[in-house]
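Here is a walk through one protein model, a piece at a time. Keep the structure open alongside and follow the residue numbers as we go.

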Amino acid sequence: MFGNLFEEEEEEGFSSTSSKGRVSKVGDEPPPPRGRSNLCGIKNQGGTCYLNSLLQTLMFTPEFREELFSLGPEELGCLEDKEKPEAKVRVIPLELQRLFAHLLLVDQQSASTASLTDSFGWNSSEVCGTNQHDVQELNRILFSALEHSLVGTSGSTFIHRLYHGTIVNSIVCKECGNVSQRQEDFLDLTVCVCGVSSLEEALWNMFVEEELFEGNNLYRCAQCNRLVTAAKSAKLRKLPPFMTMSLLRFSFDFAKCERYKETGRYSFPLTISLRPFCEQADGDDSDYSYELFSVIIHKGGCYGGHYHVYIKDIDKLGRWEPPEEDCKPKTQKKAKVEVKEVLEPKLQEDDPLSILTTIIAQESSKSVLLDQLGQKLMDKIGSSWSKKFRKHYGPIGKFLQSHNDVFMLVSNGTRVALKANPPSPVTEPPSPAEHATNPDPSPQGSHWFDLNDSTVTSIRESDIEKQFQGKESAYMLFYRKTQLHRPSEALNNPQYKVPSHLIQMAQEENIKLQQMREAFEATNNTVELRLHLVPCYRLENGALQPVSKEPNGSTALSFDRRKTVGDLRLAIYQMQEFWEGDMALTVAKSLPAGLHLYNTLTDDSVSLYSAGICSNTELFVWNGREVCGATVLTGAEWEPVLLTVVRPFLSFENGGPGLKREARGFAGGVTLGEVREALGEPKESLLCQEHKGGKKKEEGAGEGGGSSGWRVIPPHDMQRTLKELSLKDGDALLVLEPQSFDSSMFTLNGDVVTVTTPSDCRWLQVEFQPHAKGGEGEKEEEEIKKIKVPATGNMLLSKVKQRAIEELQLQDQPPVCEELSVRDAGVRLMTTLTLCPGTSPKASQLFLHFTVGEAPSAGMEMAIIVEKTSTVKECLKAMLDAVGLDGTCWHLRRLDWCEEVGEPLTDEDATLSELKISNGETLVVTEGHLPSKGFLKISIWLYWDPKNMERDFNHTENGPAEGQMLESPPLCNGNTAELRHAGQIEISDEVTLEDLKTQVLTLPALQEVCVPTTGFMRVWQLEGRKLARILRGQQVTLRKLKLTSGTELGVQPLLKEEDLLPKEVLLYVKMGIPGERCYYPSEELVWNATHDSSPRSLRTCLAAHYGLSPDSLLLAKHQPDKHIWEEISNWTQQVSKKKKKKKTESLMGTPFHLKDGDTIGIKVNLCLINSIFFTAMMQSIQTVPIYLLIFRGQATGADESQKKAGQTKSRKPEVALSISVGEFR
């Protein structure tokens, strides 16, 4: 019903596998190699962070890893045979071996645990974060599964040898001294957090402090055979090589009946001596000394969160690097802070070029990793690139490419430096390969790493102290005996004691990955270039134009952008066998005016990627100086602009003047004076730009008649360049000589030149479609006739019509004088008019459409011409006369916005102009008398419920109190109600809702319905024959209820009186039957949301009725349109993104919009906490040991799924974790 009630929320952030700004060209990108730490992480399958943390701890436990690797195929079998029924394959240890070999030897950023979890028998719900699991529970179950899987092998006892210890519990009789002992085995120690401040204090309370049995709590001594005073204590008898401590951070609040997490400070040492807690304390100190090597950390609350782990790399398999802030000595840091303001130039925070240049220049290596440049920018100005600069400058990668004269990429494209100050080989940081051959000596004890799923980062040993307290704090501690020393050959050797077949498997996987990466990089770094060769071009109109029209001037070339410009130049030399002299490669771009050149690639040692060359880049191959003897101007400031040059000319066909247009290209850096000179025009000539703006209409230019306006360019603008004047491709320039104004075609008014449309363009096209002629039920349509009529802007439309009638020989149509000119009517020349039979309206008339009885349909409308001063009554009479109807029982209605019959025209004496009825509007002639002003015509429907209608509505027993539920089927929200039409009423909109109910009861169809008073009737407003809302307030007028004519209302008889408040909502609730996929009959609930409309208020109302805890109810709203149930969570607050403050969530708003008649589904969450709590109380068992097991911190693997403050999602019942193991006995 509710779907997934524990959804995982993805944490926002940057991807760890950045592609450095380029877009992949192939479908499957190979997995990235290991990072700088040279350690492999583990992929999170959606909810397996707890598993990943434990597996990394086991893998970095060398003794566990080597014991597992010591088991060969002869004992474990082969995975290839696991499907064979007779084969005895121990799948879990084999998959664990493969995973450890992958983590040690395969060059991949993260490994997958899918095969391992499949061997556990886990399904998707157990790996995707929908269930809640605990890492200590997993630790015990995984060790148990391994012990069962290794039965009968040489490794059947290695887990017991490494992790199992012994505790002895003693009770000493204070009277006879008799000692009663009981020994028990342990895999890990669960230590208390509540009420203690450190691990040592918790162990002291467990193994040193004695518990006295005295007073009413005496002990029965077996030797004394009576109740005596005694002391109980516990000691560690056998210490395992590895000691696991589980911190009981999750407790239960008995007052609130809910879990909570202990976030107070709880310290634990890096080394600890267990001598005070042991039964025998006479051994060497090393026998009791342990050192910390793994800390599993939980971040979140008691119902969800995320696990990651701090691990000490015992064998130094990884490359530890100090955090960036720790790289410099303290004295250097202090000096930098003191002189920061002196040495650091003042930043121009709105100039990204200045900021990035400053960041790179201040680095000691004079270069910055591309992946870290964004973070350094945020540290510098306090804002990210995306928020501050992306909108105007695009992605940061493209910004660097577009400024390749300032920035350059080094170290195979992984770092960015300044061209003016490139990094020297001494100062440039070494590559990962150099680190591998020359590892830096690490400080003593600093080989700690944070393994957070796929991410592995170096940390300081001091960072462990940060996990003593808070929501992100230590949860499990793993100690190893200091006696356990590693052989020297195991250090920095990941292949140590790894079986040969697993080494070979890893080598084959590495070869495969390397081949995939090489193929991917080759494909992803191949760019398609277009080469333009100089012999195929000539310089014309400020741009390079092809010599011939055939497309032979460009050549396609595929090239690896990781290669240098020199390699590209050499490849082109080899393609052009007959090339002589120098060769220059210049970035070009095809523009409307032609091909234009930008920057020339001069540095042969720079890669194409660093030079900003990408796919579809055009390169011009030439000598770098001239093309066909002409000097070529390069750069963005000389980009050519293709202008349309307009000149007057005399047409030889009709002898009239006209305008001639010609496309010409000019360099963007030339002035208008140079353009005029290039056109061969004298200095007295005027250049005009096509007029754009509001002045056009004021001058009368451009309205009707085909005239247009141009602005004369002032003399001071003639010395400005085309770029400065913002002229762009397609802009028009009109060239006029002074004598041009002698012609009637050009008129100068101030600085605006009006150009009258030439005579050969003065025409209008008129169309005419005759009526179809019917014959014997068939219709024959004649072809549409078209004719061009000569016209001017001042010609009256009547003359246009007269000429069209004469040309089309339609003399049987009576000519009518139109009173408007072509220009006044807003008709532009060279457009089409349609000639229709009938009389055209005058300026004082309206042309209206009308229909009779119903909304108009296509082809059924009739037309009529009436005076604007006509009244509604006169217009109605004209329409009735036109269709041949008589009588006074008719009135007019307008159409509403959805083209349906709307409100009537109630004022019959008002004129059409007063009612703002416009040309072309449609009116509907409706039968019936005009409703009185202020009266509503309302349709009444009766909700017919056979069960309720059979009841006696006059029973005198008191109904349930207000707020309780009444059995009644749902009336709306998708549930079809049986409605019966009861009739119509006419009523004033000034009467109250109580008067409406009284008049409704007088309808004949309701005479048999027994309703004592109007309070026993509920009135619904219908929308699409569905009950939408309840009308409230007995004394509220219909006008305030916003009822209009045509509204449909539904009436429902009730068993008791009802008077709902404005914020009371009538809901229909359906309680789910436990264990079944069905519900009890729906019930009515009146929920008062006046003071609180939050989900908590609704839960409280429902819980009060059912006598349950609000937290035990799972609610959902039925969405009938989508056929789904939408879960109503128990969130109490939400955060507003704009105002950044908390506000109460309301069910009356988004996304639920609860209203009358909505259906609410209820299911009871049988709370595990309550059931175990009461069971424990009844059994009178000591609660502390029980709750150590019951209320352990269960946290889902969903990463940070519950991290948002103030939000508590509905929780699923916890599911026990299990691992399926085959039978090997």
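How many bridges join strand β56 to strand β57? Five, and the two strands run antiparallel. Before going further, bear in mind that this is a predicted model.

## A hairpin late in the chain

Strand β56 covers residues 1113-1119 and strand β57 covers residues 1124-1128. Together they make a hairpin, with four residues between the two strands. Have a look at histidine 1123 in the turn: its phi is positive, at about 60°. If you want a spot to check the pairing by eye, go to leucine 1115, whose bridge partner in β57 is isoleucine 1128.

## The whole protein

Now zoom out. The protein has 1225 residues, and 45% of them count as buried. Its secondary structure comes to 28 helices and 61 strands. As for contacts, take those between residues at least 6 apart in sequence: 70% of them join residues at least 24 apart.

## Helix α4 and its neighbours

Two other helices pack against α4, so let's take them in turn, citing the geometry as we go. Helix α2 (residues 62-69) meets helix α4 (residues 91-105) at an angle of about 125°, and their axes are 10 Å apart. That angle makes α2 oblique to α4. The crossing of this pair is left-handed. On the α2 side, the contact is made by Phe64, Arg65, Leu68 and Phe69, while α4 puts in Pro93, Leu96, Gln97, Phe100, Ala101 and Leu104. Sorted by class, that gives eight nonpolar residues, one polar and one charged.

Helix α1 (residues 49-59) also packs on α4: the axes come within 11 Å and cross at roughly 75°. This makes α1 roughly perpendicular to α4. Here the contact involves Leu55, Gln56, Leu58 and Met59 from α1, and Leu96, Leu99, Phe100, Leu103 and Leu104 from α4. The class count for α1 with α4 is eight nonpolar, one polar and no charged residues.

## Phenylalanine 69 up close

Phenylalanine 69 sits in helix α2. Is phenylalanine 69 buried or exposed? Its relative accessible area is 4%, so phenylalanine 69 is buried, given that the cut-off for buried is under 20%.

Which residues does phenylalanine 69 touch, leaving out those up to four places away in sequence? From α4 there are Gln97, Phe100, Ala101 and Leu104. The list also takes in Lys497, Val498, Pro499 and Leu502. Proline 499 is 430 residues away along the chain, yet its C-alpha atom is separated from that of phenylalanine 69 by 6.4 Å.

## A four-strand sheet

Strands of a sheet pair through backbone hydrogen bonds, either parallel or antiparallel. In the open sheet with the order β5-β4-β10-β7, the pairing of the four strands is antiparallel. The edges are β5 (179-186) and β7 (211-213), each of which pairs on one side only. From one strand to the next, the twist averages 25°.

At the β7 edge, three bridges link β7 to strand β10 (residues 230-238) in the antiparallel sense. One place to see this is phenylalanine 213, which stands opposite alanine 230 in β10.

## A mixed sheet with a helix across it

Another open sheet has five strands in the order β45-β44-β48-β46-β47, and here the pairing is mixed. β45 (862-867) and β47 (901-904) are its edge strands. Ignoring direction, neighbouring strands of this sheet are turned by 45° against each other on average.

Within this sheet, strand β46 (residues 890-895) pairs with strand β48 (residues 922-927) in the antiparallel sense, over five bridges. Leucine 892 has valine 925 as its bridge partner in β48. Helix α23 (residues 872-883) lies across β44 (845-852), β45, β46 and β48, and runs at about 100° to β46.

## A loop residue to finish

Leucine 1061 is in the loop between β53 (1048-1053) and β54 (1064-1071). With a relative accessible area of 42%, leucine 1061 is partly exposed. Leaving out residues up to four places away in sequence, leucine 1061 touches Arg1032 and Asn1088. Threonine 1090 is 29 residues from leucine 1061 in sequence, and the two are 8.4 Å apart, C-alpha to C-alpha.

Notes
Residues are numbered from 1 along each chain as its sequence is written. This is a predicted model: local features need pLDDT of at least 70, side-chain atom pairs count only at pLDDT 80 or more; totals for chains, interfaces and linings use all residues. Side-chain values use heavy atoms; hydrogens and water are left out. Two strands pair if DSSP finds at least two bridges between them. Axes are lines fitted to C-alpha atoms, for helices over the stretch in contact, and angles run from 0 to 180 degrees between N-to-C directions. Buried means under 20% relative accessible area, exposed over 50%, partly exposed in between (1.4 Å probe, protein chains only). Contact means heavy atoms within 4.5 Å. Angles under 35 degrees count as roughly parallel, over 145 as roughly antiparallel, 65 to 115 as roughly perpendicular and the rest as oblique. A crossing is left-handed if the near helix is turned anticlockwise from the far one by less than a right angle, and right-handed if clockwise. Ala, Val, Leu, Ile, Met, Phe, Trp, Tyr, Cys and Pro count as nonpolar, Asp, Glu, Lys and Arg as charged, and the others, Gly among them, as polar.
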